[in-house]
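Reader: Please take a close look at a single part of this model and explain how that part sits in the rest of the chain.

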Amino acid sequence: MTGEPLTWNSIVYSLKAHEEKEFIVDWSLGYGELKSGTYRLVKSDLRKSKSPDSQAYTIYAEFDIK
């Protein structure tokens, strides 16, 4: 349904520094068809979630739709 928050299963991707990973997201479910432009995907997670030294981190990825 357009306008609803997007959610998906948490899949672990292990990346080394400067390594790239490609995956497909169906934006139409939450936003309809995206217009041409530059967008940013933001993903946040909690490392060691049951540990007292838990660390939150955020990953940003910019992409263009032409």
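Author: Helices and strands are DSSP runs here, a helix having at least four residues and a strand at least two. By that count, the protein chain of this predicted model has 1 helix and 2 strands. Read along the sequence, they follow the pattern α-β-β.

The part chosen is tyrosine 13. Its place is in the segment before α1, the helix of residues 28-31. Tyrosine 13 has a relative accessible area of 39%; because partly exposed covers the range between 20% and 50%, tyrosine 13 is classed as partly exposed. As for the chain around it, buried residues make up 8% of the 66 residues.

On the surface, Tyr13 joins Ile11, Leu15 and Phe23 in making a nonpolar patch of about 380 Å².

Tyr13 also belongs to the account of the largest pocket, which holds about 1200 Å³ of space. The pocket is lined by 32 residues, and those closest to its centre are Tyr13, Phe23, Leu41, Lys43 and Ile59. The elements that give two or more residues to this lining are β1 (37-47) and β2. Phe23 thus appears in both settings, as a member of the nonpolar patch and as one of the residues closest to the pocket centre.

A word on confidence. The protein chain averages a pLDDT of 78, and 82% of the residues score at least 70. Confidence is lowest in α1, with a mean of 80, and highest in strand β2 (residues 55-65), with 85. Where pLDDT is low, the predicted coordinates should not be read in detail.

How values were computed
Residues numbered from 1 in each chain as written. Predicted model: local features only at pLDDT ≥ 70, side-chain atom pairs only at ≥ 80, totals over all residues. Heavy atoms only, no water. Patch = residues over 30% accessible without salt bridge, like charges linked within 9 Å, V, L, I, M, F, W, Y side chains within 5 Å. Areas by Shrake-Rupley, 256 points an atom, 1.4 Å probe, with all protein chains shown as cover. Salt bridge = Lys/Arg side-chain N within 4 Å of Asp/Glu carboxyl O. Buried < 20%, exposed > 50% of the residue type's maximum accessible area, 1.4 Å probe, protein only. pLDDT = per-residue confidence, 0-100. 1 Å grid on protein atoms, 1.4 Å probe; cavity = no way out; pocket = protein on both sides within 12 Å on 5 of 7 lines; lining within 4 Å. Points joined across faces, edges and corners; volume = space filled by probe spheres on them.
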